[in-house]
Structures are given as structure tokens and as C-alpha cells.
Amino acid sequence: MKDELYAIQEETLKQINNADSLKELQVIKVAVLGKKGSLTGVLRGMGKLSKEERPVVGEIANKVRETISAKIEEKSDVLEEKALEEQLEKETLDVTLPGRPVQVGGPHLLTSIIEEIEDLFVGMGFEIKEGPEVETDYYNFEALNLPKDHPARDMQDTFYITNELLLRTHTSPVQARTMNQYEGDQPVKMICPGKVYRRDTDDATHSHQFTQIEGLYVDKNVRMSDLKGILNRFAKKMFGQDREIRLRPSFFPFTEPSVEMDISCKVCHGEGCSVCKQSGWIEILGAGMVHPRVLEMAGYDPEMYTGFAFGMGPDRIAMLKYGIDDIRQFYTNDVRFLRQYHHAKGGIL
């Protein structure tokens, strides 16, 4: 049995030295040291030996096992290093090649427009206020002189959560909340940007969800001429110094008097074309002096305080400013469209 153990050791060491891969080395290990391996088979026959021979043969067997195991481990390290070198050689990278540029995103066009408008009005002393998109019927309608049976509510049909909770149809509720917060004893000069919702059929010029910016200025001796001056400055900043504005009489329940503001058509310079429907003018926003009833409900004395309000849609402003003919392009997330305007802020097309 001693001779058999030494023979297994000698043969196994030769096989280990000749092994060219980790897979081949594993096969040798199982064939010799595994449960059905040659060395294991020899050790099972130790029961036939005498008591004197067993310790001697056992010691030899352990040394043979240790020698083979150590040699396998040594050869395994060599083969692993060889395999790594071969892998690195195959996967060599040419570090002299120019790197691939990382694509950098940019702000959404509507975000850029809103920020541009915010910068303009903050520069004129307006604060930026925000409010909840899920609004109460009172602040969305009643506090703005739109009682429950008012016919003008039909123009702002929206999505109701309960009889008294709804998705806001404009950002005007933020104005009402701010005036209530000030309790009628201090001026208000603010704009309120945000998303609004109306039950509408989506098409090229309408969306059930869009953005809006409304402004409010309440103080002593605020006049219609102040409103016109601010809107004129807004129009020239957003659309160019050559743009003219005009105010047309209109109706809104929360302002009196109320006006619509038009800007002169840049395409035809007021001569009339298909863009302005041959009128020479393009409607851009609504405005007016705050209705005395709205001031009273907010706690302001209309004999002492006056104010003006205006509301505009950044979606429409962006469409006019950059010649976009479909409002749905803002919301379909087509990156090919959006990439065109990553650096649009401050530009005029």
C-alpha cells in the first residue's frame, strides 16, 4: 500500500505540472482527492492492515494528501495569473483614443420661460408665491367673486375630488390666500407660477393641464396706468423692444375694469398676416383692476386700497416666442423636440 500511495503521488504531481487550465486542474483534483478518487480508494483499504501498519501508512497517506493539495493550490495560483494576463491582453484598451462626449441635458423650455418671467418681475419688486394644486371651491371660485351659481364657472370646468375639493383652474387662489394672510393691512406685490387643470379636449392649442403665471399688486393709489407700464415692460422684455401693446376691454369676474392685452405681430409688423389672423395683433394675456368685492372678501378696504391683477400662460408665450404650433409637444417628452431649446433662455426667434 505504501508503494501504491507513492505511485499515486508521483503520477498526480506529473499531471498537475502538465495541466494547462483551471478546469483541467479541477478534474485532476476530483480524480485523486474526491470521494471516488484514487487516493480515497486506497485509504478505504486501510482496514485490512494490521494495527502496527495502520499508523505508518496513515502518516504516509496524510503526507501524500498534503503534498498533492499544496501542489494543486500552487498550480492554481499560476494558472489564475496566466488566465488574468490572457484576459487583460484580449481586453486591452487604446487609451490614446478620444473619449466619447457625455450628453448633458438642459432645462425644459417651459421651465426656462417661467424662470425668465420670474427674473423680470422679481427685478420689479414682486415676490414669488406658491400654493396647493388641490384647492378648495372657496379659494378657487368664491373668494374671486365667482359664487356657486355664477355662469362664468362654465368656462373653468375642472376635475373635482369632492364637492368642495378640486384641481385648481388657475393660480388666482394663491392671490386670495396671500391677501387673507396679510389681513388687509399691508401691500401685496406677488406673482404665482404653477400648474393648473381644466376639463378640456386636448388639441394643438388646448390642454387639460398647462402652466400659468398670475400677478397681483395691491396698495394705496395703484392705478391702471401702473398696470399698463408693467405689462409694456414685460412684452418688450419677452418679445423684443420693437413690440407694441394694446389693451382691449374684456370681462373677468374678479377684475373691474378688465382688459385683454395684445402684442403687435412680429411677422407682419401690424400689417396683417395668417399668424395674427389679418389683425396685426396677437392676444397674450388678461388683466384688470382688482374687483372691490374681491378686496373686501380678503379683508382690504376698497376705499383705501386698489390693485391690479394679470394672468398669462407660459405655454402660449413659449409658442409665440419660438414659433411652436402645437402645445402637446411640451408634454409628450420627445427629447428631439426638447433638445432644441436647452439654451433658449433669453433668446428671441
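In this predicted model, strand β4 (residues 188-197) is joined to strand β5 by 10 bridges, and the two strands run antiparallel. One place to look for this pairing is glycine 194, which stands opposite glutamine 212 in β5. On another front, β5 is linked to strand β9 (residues 306-312) through 7 bridges, again in an antiparallel arrangement. Here valine 218 has glycine 307 of β9 as its bridge partner. As a reminder for newcomers, strands of a sheet pair through backbone hydrogen bonds, either parallel or antiparallel. Strand β5 covers residues 209-219, and because 10 of its 11 residues are buried, the strand is largely enclosed by the rest of the structure.

These pairings belong to a wider picture. The strands form an open sheet of 7 strands in the order β1-β4-β5-β9-β8-β7-β6, and the pairing within this sheet is mixed. The edges are taken by β1 (127-128) and β6 (245-252); each has a single partner strand, so one side of each is left without a neighbour in the sheet. For β6, 7 bridges lead to strand β7 (residues 255-264), and the two run antiparallel. Within this pair, isoleucine 245 stands opposite isoleucine 263 of β7. When following a strand by eye, it helps to know that in a regular strand the side chains alternate between the two faces of the sheet.

Attention now turns to a helix. Helix α10 (residues 314-322) is mostly covered, with 7 of its 9 residues buried. The buried residues are Pro314, Asp315, Ile317, Ala318, Met319, Lys321 and Tyr322. They pack against α5 (109-123), α8 (224-239) and the strands β5, β8 (281-290) and β9. Just after α10 comes glycine 323, which takes a positive phi of about 65°.

One of the buried residues of α10 also takes part in a charged pair. Lysine 321 forms a salt bridge with glutamate 116, and the closest N and O atoms are 3.1 Å apart. This pair ties together distant parts of the chain, since lysine 321 is in helix α10 and glutamate 116 is in helix α5, 205 residues apart. Lysine 321 has a relative accessible area of 2% and is therefore buried. Glutamate 116, at 4% relative accessibility, counts as buried too. The side chain of glutamate 116 also meets that of lysine 237 in a salt bridge (3.7 Å, N to O). Once more distant parts of the chain are linked: glutamate 116 lies in helix α5 and lysine 237 in helix α8, 121 residues apart. Lysine 237 is partly exposed, with a relative accessible area of 39%.

In total, the structure holds 15 salt bridges. Another of them joins arginine 293 to glutamate 296, with the closest N and O atoms 3.8 Å apart. Both residues sit in helix α9 (residues 292-297), 3 residues apart, which is about one turn of the helix. The general rule is that an α-helix has 3.6 residues a turn, so residues three or four places apart point the same way. Arginine 293 counts as partly exposed at 40% relative accessibility, and glutamate 296 counts as partly exposed at 44%. Elsewhere, Asp137, Glu142, Lys148 and Glu164 are linked in a network of salt bridges.

The surface has a nonpolar feature as well. Val134, Ile161 and Leu165 form a nonpolar patch there, with about 230 Å² of accessible area together. Valine 134 is placed in strand β2 (residues 134-136), and with a relative accessible area of 42% this residue is partly exposed.

Finally, the cysteines deserve a look. A disulfide is a covalent bond between the sulfur atoms of two cysteines. How many disulfides does the structure hold? The number is 0. Cysteine 273 is in no disulfide, and the nearest cysteine sulfur, that of cysteine 265, is 3.7 Å away. A disulfide calls for sulfur atoms within 2.5 Å, so this spacing does not qualify. Cysteine 273 has 12% relative accessibility and so counts as buried. Cysteine 276 is likewise in no disulfide; the nearest cysteine sulfur belongs to cysteine 268 and is 3.6 Å away. At 4% relative accessibility, cysteine 276 counts as buried.

Note on methods
Residues numbered from 1 in each chain as written. Predicted model: local features only at pLDDT ≥ 70, side-chain atom pairs only at ≥ 80, totals over all residues. Heavy atoms only, no water. Buried < 20%, exposed > 50% of the residue type's maximum accessible area, 1.4 Å probe, protein only. Helix = DSSP H or I, 4+ residues; strand = E, 2+ residues; numbered from the N terminus. Pairing = 2+ DSSP bridges. Patch = residues over 30% accessible without salt bridge, like charges linked within 9 Å, V, L, I, M, F, W, Y side chains within 5 Å. Areas by Shrake-Rupley, 256 points an atom, 1.4 Å probe, with all protein chains shown as cover. Salt bridge = Lys/Arg side-chain N within 4 Å of Asp/Glu carboxyl O. Contact = heavy atoms within 4.5 Å.
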